[in-house]
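Trainee: Please take one part of this model, the charged pairs around its loops and strands, and examine it closely. I should like a single connected account, beginning at the surface.

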Amino acid sequence: MADNAYDVIVIGAGPGGYVAAIRAAQLGLKTIVVEREHMGGICLNWGCIPTKAMLRSSEVYHLMQRAKEFGLLAQNIDYDLDAVVARSRGIAKQLNGGVTHLLKKNKVASLMGDATITAPGKVVVKTAKGAEALTAKHIIIATGARARELPGLEGDGDLVWTYKTALTPPRMPKKLLVIGSGAIGIEFASFYNTLGADTTVVEVMDRVMPVEDAEISAFAQKAFEKQGMKIRTKTMVKKLDRGMGSVTAHIEQVGKITKEVFDTVISAVGIVGNVENLGLEALGINVDRTHITTDAYCRTGVMGVYAIGDVASAPWLAHKASHEGVMVAELIAGGSPHSVKPESIAGCTYCTPQVASVGHTEAQARDAGYEIRVGRFPFMGNGKAIALGEAEGMVKTVFDSKTGELLGAHMIGAEVTELIQGYVVGRQLETTEEDLMQTVFPHPTLSEMMHESVLDAWDRAIHI
């Protein structure tokens with residue numbers, strides 16, 4: 001095999017690409033990963049990890065303000081925004097180095113540059129030193145996505161921020177407008193609101209966090225408003241007038257446009273797949289609204305070319321990308337992996353309170369024709385939640401009343417992003433309500449609420 005001939009070329013070293021490359025190498029395939037910017041991709045460098053580091057700082061700050069509740073004394077509580085950001089960037093740098101180490105450890109070659117697929121099995125990479133031609137029987141596209149920017153709402157790094165500026169802010173906002181209440185928007189709203197920004201969230205849909213179960217969305221909105229956020233649903237920002245140190249937003253709600261002045265705007269209105277300059281059109285690869293169309297095994301329809309992660313189909317989540325990367329590597333190596341089922345991928349949002357879900361919402365289950373049973377259990381009924389001082393929240397489960405299949409689970413409250421995996425495993429193992437009822441949950445734990453929610457669906461809950 002020539003030096004530039006490989007079994008697998010992976011384009012993009014985010015959580016889909018680098019995982020795919022490592023698994024392919026573990027399976028004995030000669031593999032190279034091409035990355036144009038950061039090892040670890042957006043998630044590790046500018047998304048999942050640094051945002052969680054910043055949110056942890058705001059969470060601790062919030063707890064410090066509640067010290068008296070826990071019998072503690074804390075005076076002159078304050079924060080250093082530059083230090084918060086520095087900690088976040090340091091963690092991202094550490095993990096970036098970790099990805100580089102893992103690639104080397106698994107004997108994955110790497111090349112920094114912009115890749116274009118010139119023909120099936122052929123990739124040209126523009127590097128700082130010139131162009132380099134690579135060949136491989138299999139190519140995995142894992143180029144990820146970037147923030148969607150609507151005309152007139154583009155980020156400028158000063159008054160109007162996208163996620164990158166929000167992660168390295170030039171100042172602390174005093175009056176903040178967040179456009180979009182999906183995971184990215186509501187996490188930044190939660191962070192800056194906790195640190196004292198007067199925060200308004202605008203959402204075009206009829207409820208905040210619109211992909212979540214309606215009952216969870218309603219609970220979340222009440223919690224956010226209790227924290228001082230202003231939530232405006234069925235609302236659009238039509239225009240931004242940028243001035244000296246301020247932005248005037250033209251906000252339309254129920255056909256009426258009002259003007260409001262903010263010193264900072266964060267635009268979080270979705271993502272756009274990174275499909276440009278890859279050679280997709282010439283190859284005949286279909287792109288639907290900036291995302292590559294694939295089958296259940298991430299095949300693009302062009303022999304030997306796969307697409308995984310955010311550049312492909314929803315849900316656009318790092319853990320889905322990683323699992324797809326492993327699946328495709330094993331498929332290439334001759335294995336028979338299970339396809340990734342989007343409905344079994346959990347979604348997690350790390351605002352305060354946290355939100356997590358998997359499977360059908362109550363409305364989706366009804367619309368799909370199921371006869372359902374729904375169970376609920378409040379955090380207020382759980383001893384561990386009360387002991388933690390986190391008594392606001394709920395666990396909700398949705399079952400097929402005929403078969404006992406767990407159709408969906410939805411949570412809001414402290415640490416639900418960790419709890420949700422119990423239901424994910426249950427769905428993967430095709431558990432029924434009887435299996436969950438017979439499972440012994442440890443006490444005292446937050447996980448007991450998961451048990452009680454199942455019991456409640458059959459009118460058997462003990463602690464409510």
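**From a surface patch to the salt bridges**

Mentor: V204, M205 and M236 together form a nonpolar patch on the surface, with about 270 Å² of accessible area (Shrake-Rupley method, 1.4 Å probe, only the protein chains shown counting as cover for residues). Such a patch joins nonpolar side chains (Val, Leu, Ile, Met, Phe, Trp, Tyr) within 5 Å, like charges being joined within 9 Å, and takes residues with over 30% relative accessible area and no salt bridge. The model is predicted: local features need pLDDT of at least 70 and side-chain atom pairs pLDDT 80 or more, while totals for chains, interfaces and linings use all residues. Numbering starts from 1 along each chain as its sequence is written, and side-chain values rest on heavy atoms, with hydrogens and water left out.

Within the patch, M205 belongs to the loop between β10 (198–202) and α7 (214–226); helices (H or I, at least four residues) and strands (E, at least two) are DSSP runs numbered from the N terminus. M205 counts as partly exposed because its relative accessibility is 44%, where buried means under 20%, exposed over 50% and partly exposed in between (1.4 Å probe, protein chains only).

The charged pairs come next. The model contains 26 salt bridges, each a side-chain nitrogen of Lys or Arg within 4 Å of a carboxyl oxygen of Asp or Glu. One of them joins the side chains of R171 and D158, with an N to O distance of 3.6 Å. Since R171 lies in the loop between α5 (163–167) and β9 (175–179) and D158 in the loop between β7 (145–147) and β8 (160–161), this pair ties together parts that are 13 residues apart in sequence. D158 is partly exposed because its relative accessible area is 43%. R171 is also classed as partly exposed, because its relative accessibility is 24%.

R171 has a further partner in D263, the closest N and O atoms of that salt bridge being 3.9 Å apart. The pair R171 and D263 links distant parts of the chain, 92 residues apart, with D263 in the loop between β14 (256–262) and β15 (264–267) and R171 in the loop between α5 and β9. D263 counts as buried because its relative accessibility is 15%.

Strand β14 itself takes part in a salt bridge. The side chains of E260 and R232 meet at 3.3 Å, N to O. E260 lies in β14 and R232 in strand β11 (residues 230–232), so the pair ties together parts that are 28 residues apart in sequence. Both E260 and R232 are buried.

Elsewhere, salt bridges go beyond single pairs: D213, E215, E362, R366, R376 and K396 are linked in a network.

A helix gives a further view of buried charged residues. Helix α14 (residues 448–457) is mostly covered, with 10 of its 10 residues buried. Among these buried residues are E448, H451, E452 and D456, along with M449, M450, V454 and L455. The buried residues of α14 pack (contact means heavy atoms within 4.5 Å) against the strands β22 (372–378), β23 (394–400) and β24 (406–412), and against the helices α12 (416–428) and α13 (433–438). After α14 comes D459, whose phi is positive, near 60°.
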